[in-house]
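Visitor: I'd like to hear how the labels on this model get justified. Can we start with the cut-offs?

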Amino acid sequence: MTFKVGLLGLGTVGTGTAQILLDATQRHPLLKELEIHRVGVRSLDKPREIDLPADLLTTDLESIVTDPNIDIVVEVMGGLEPARSLILQAIAHGKHVVTANKAAIARYGAEIFTAANEAGVYVLLEAAVGGGIPVIQPLKQSLGANRIDTVIGIINGTTNYILTRMQNEGADFAEVLADAQRLGYAEADPTADVDGLDAADKIAILASLAFGGRIKLAEVYCEGIRQVSAADIAYAERLGFVIKLLAIAKRNTVSTENAPEQLQIRVHPTLVPKSHPLASVNDVYNAILVEGEPIGQVMFFGRGAGAGPTASAVVSDMLNIAAVLQANLVPVPTQPTQAAHPLLACSHQHYSAIAPMTDLVTRFYARFLTKDYPGVIGKLGTCFGNHQVSLESVVQIGNQDGLAEIVVVTHDVPEGNFRQALEEIRSLSSISSVSSVLRVL
């Protein structure tokens, strides 16, 4: 009982996927039922790391998604187009789809999953978040008995690598980024990574699964790491923190008839206490911490990218589809042979309400350059007090060229209050600049 696979893309992930399919030894026996039928590539003449029969390769990608012999289309091309159009064409022709494309799913997921539900096919995306870390299916299946309250993750390896090196070497962002690009850990255009856009795509997907509602990507707050300095890293260390780019999704309120539930969904650099499980996740590794009731905390950890890890996730989705297809070929009395598997299909249709950032309650770290006048700390305290901002710690560090550096960490405070206090502080004649503002976990 063979299921034919059409592979769109034979780059890093596509090659890794093909290598697993061609070497089923000591893997799950169902893997032997998956057969590579066609492979879509940009160029037929490009040298490749894998030896495939020439007649499997084609540059006509539409011929794959419309081929009546193909059961599963695997999209590992990346990018928005033609990936989106090809996925929709595959669905329209009754193909199940496996994709690693977090950008397309985060932006066009509503369109794609609506089409899939209407066509009675599956679209699986384990590889879209966290590389080889199994987190998508656990949220859909293993943790399905839980009321998920929070999903917090380090889900971009490039930024984690940069911040880890800044912490270990005391280097500034621009210096480490340039070296990361030279070593291949960062793209020539690093915008999606260092500005938090990649992490925003991924947390939108995780939030949708965890909280059972569609997410509008434009409502996800996104802030990158370009403004994190070596000084911030050093001060965080002295205060007992490390700085990580966190992607956070959590329930903001309990739903009532008069106050519908809202979610917080945000990406930003964050001071993380050294005792927190995510604080020790370094270099290119990813980790996702899930909190729910009754399970408590569980954390998923591993490599968030690369040929092997991502291909592992792609093939796991293919096996899930093959298992369902194989089961549906055996008639079950009083049950339709093509009934959607409730733990694989996307069932939610509504959009979740996202709370504005001004409603966020969190701690803050702020660093000020001030003129070295008597009473400056007192004036800062007064301004914060005027807006009900309580200070957890205040440290004055050094004195250079007549300017003192003052670092404060607040207690939990509404973001709106904190921002109003900053505006008042900026108007003080004794304040030279607000050098840095970061949130604290």
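Guide: Sure. Buried means under 20% relative accessible area, exposed means over 50%, and partly exposed is what falls in between. Keep in mind that this is a predicted model.

Visitor: Which label do Arg439 and Glu415 get, buried or exposed?
Guide: Both Arg439 and Glu415 are buried, so each has under 20% relative accessible area.

Visitor: What makes Arg439 and Glu415 a salt bridge?
Guide: Their side chains meet at 2.7 Å, N to O, and the cut-off is within 4 Å, so the pair qualifies. This pair links distant parts of the chain: Arg439 sits in strand β18 and Glu415 in helix α13, 24 residues apart.

Visitor: Why is Asp149 called partly exposed?
Guide: Asp149 has 25% relative accessibility, and the label covers what lies between 20% and 50%, so it fits. Arg147, at 37%, is partly exposed too.

Visitor: How do you know that Asp149 forms a salt bridge with Arg147?
Guide: Their closest N and O atoms are 2.5 Å apart, and the limit is 4 Å, so it counts. Arg147 and Asp149 also belong to a salt-bridge network with Arg251 and Glu261.

Visitor: And what about Arg426 and Glu423?
Guide: For that salt bridge the closest N and O atoms are 3.1 Å apart, again within 4 Å, so the name holds. Both residues lie in helix α13, three residues apart, about one turn of the helix. Arg426 has a relative accessible area of 42%, so by the 20% and 50% limits it is partly exposed.

Visitor: How many salt bridges does the structure hold?
Guide: The structure holds 22.

Technical notes. Residues numbered from 1 in each chain as written. Predicted model: local features only at pLDDT ≥ 70, side-chain atom pairs only at ≥ 80, totals over all residues. Heavy atoms only, no water. Buried < 20%, exposed > 50% of the residue type's maximum accessible area, 1.4 Å probe, protein only. Helix = DSSP H or I, 4+ residues; strand = E, 2+ residues; numbered from the N terminus.
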